Amino acid sequence: MNRDKRFELIARANSERICEIAERILADTATAVEVIKKPVGGMIMMRFRDTAEKCVFNLGEVMVTEAEVRIDSELGYAMIMGRDPETALAGAILDAAVESGHTLAPEIVDLLRSEEVRIKEELQKTWAKVATTKVDFEVMA
Amino acid sequence: MGYVLVKGGSEAIKNAGKLVDSLRSAPPVEVPQIRGRLRLSVDQVMGEGGLYAPELAALAIRQSDGDLVAASFLIRAYRSTLPRIGYSEISDTGDMFVLRRISSAFKEIPGGQILGPSIDYTEHLLDFGGMGVMGDTDADADQEFGAEKSDIPKFKKVSDLLRDNGLLEDAFADDETSDDARDEPYDITRESIKFPAPRSARLQTLARGETGAMLALAYSSLRGYGSVHPTIAELRVGHVSLCIKHPYTGNDVSVGDVQVTECEGILSGVGATEITVNNRFSLGYGLVFGQNEKKAISMSILDGTMRVSEPKTPAEDQEFVLYHIDGIDAMGFVEHLKLPHYVTFQSSLDRIRAVRSEGAGEVSDD
């Protein structure tokens, strides 16, 4: 799992599961977690290309929380949608933990893979429901 | 005469707040309840507040006792305290996870008409069966739908079909205020709008406009105070990824999904209007946060009306439309009338008294 994929899954994963494993890393006295950027709320201005004239414009801002930490010499970064300092910090810790080869790294990767499956299944479930609203036109004779 | 500082009323103000609390008679509503049960209100507040943050919008609705413009104000004020981390990569609604997409222009569209979550097609009558406690949704009721798992498709835009058939004006064809001269789209949160406003500024202003104000202006065009009465090529609701550049890898990565409603209106149709010199249609465009179909449609209409070079009606006048659709500006200005104007009104009073006493050939009455 590369860094980009890891970032995306941390951002979408269940926050309780992310925080639980981050707490175990923090409780581990052998690991020093240095906070580089405290989790702060901020905004990303979301840009779209309009499909009528192909003009790029700013639709509006999205609330996010980002954090950055260092474990050993490896940086970890996470951004979460919404106002959620705890999960953003936990996410950054997980990112750094995997990068620095922490003993919990395999468990983190397993967790993210299982979240990936869950997220995909949820989307498929939603789509399956939406698909039932497709219209079958009958032409009147 | 300058402004005079006055003090007083702090006790009354405190008690006025307490009195509001005392009117909140039912048990407190939890924020997740508002988010889950009043989702269209939440969507409206996010759009008009200009900040996509469902939890905070729900909180704002509760704090403002359900006044959506006041809730949008709280969101707009909160956003002004947040740092701007940056701009996203450019999102494309062609990549949308579609929950709903319909076309009024064509019966058969590739991928089909998908009604999605909508009560448009059911009777609009008050349901007394729902009085008291609303039923819980059954999370495991999927089989009710007869739903079967299948791969999630992407849908080709109806406008692309029109374009492929040479029926649409090329982008930027004859819009002298288009953005092709600008590298960066306009950002009305950083730079005040100037007229004539470039297209990116118009779209951004419309996207954070107040639903009711936009509905009224769009309706005025439909009723004849303007020339746009579009046919909806496609209306879609769904989720689009928020993408940024990863700070370490420099690659595009997705942070999460944002729900939007998009409307592409063909600026021609019933009773209609404008077929361009090249015998082609042009499109009006609407895109808004959340599920807010009347706003997205209104936006596409106003995008169309404002292209007229010599405005003859309010809906055609950029300045009129863009200056009056902001709910927070409008509310602020109208509601400020409740604040003390004792000194300014005193001067009006003095003037009218002076005029009247001159007329009566008297001096002053005091």
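## Backbone geometry and burial in chains A and B

Just after helix α3 of chain B, B:G50 adopts a positive phi of about 80°. Helices (H or I, at least four residues) and strands (E, at least two) are DSSP runs numbered from the N terminus. This is a predicted model, in which local features need pLDDT of at least 70, side-chain atom pairs count only at pLDDT 80 or more, and totals for chains, interfaces and linings use all residues. Residues are numbered from 1 along each chain as its sequence is written, chains are lettered from A and ligands numbered from 1 in the order in which they are written, and side-chain values use heavy atoms, leaving out hydrogens and water.

Helix α3(B) spans residues 39-49 and is mostly covered, with 9 of its 11 residues buried. Buried means under 20% relative accessible area, exposed over 50%, and partly exposed in between (1.4 Å probe, protein chains only). Among the buried residues are B:D43, B:Q44, B:E48 and B:G49.

Most residues other than glycine have a negative phi, and most peptide bonds are trans. The table lists two residues other than glycine with a positive phi.

| Residue | Phi | Loop | Relative accessible area |
|---|---|---|---|
| A:K54 | near 60° | between β1 (33-49) and β2 (56-71) of chain A | 32%, partly exposed |
| B:D65 | near 55° | between α4 (54-63) and α5 (68-79) of chain B | 47%, partly exposed |

A cis peptide bond, with omega near 0°, runs from B:F195 to B:P196. B:P196 lies in the loop between α6 (158-164) and α7 (199-207) of chain B.
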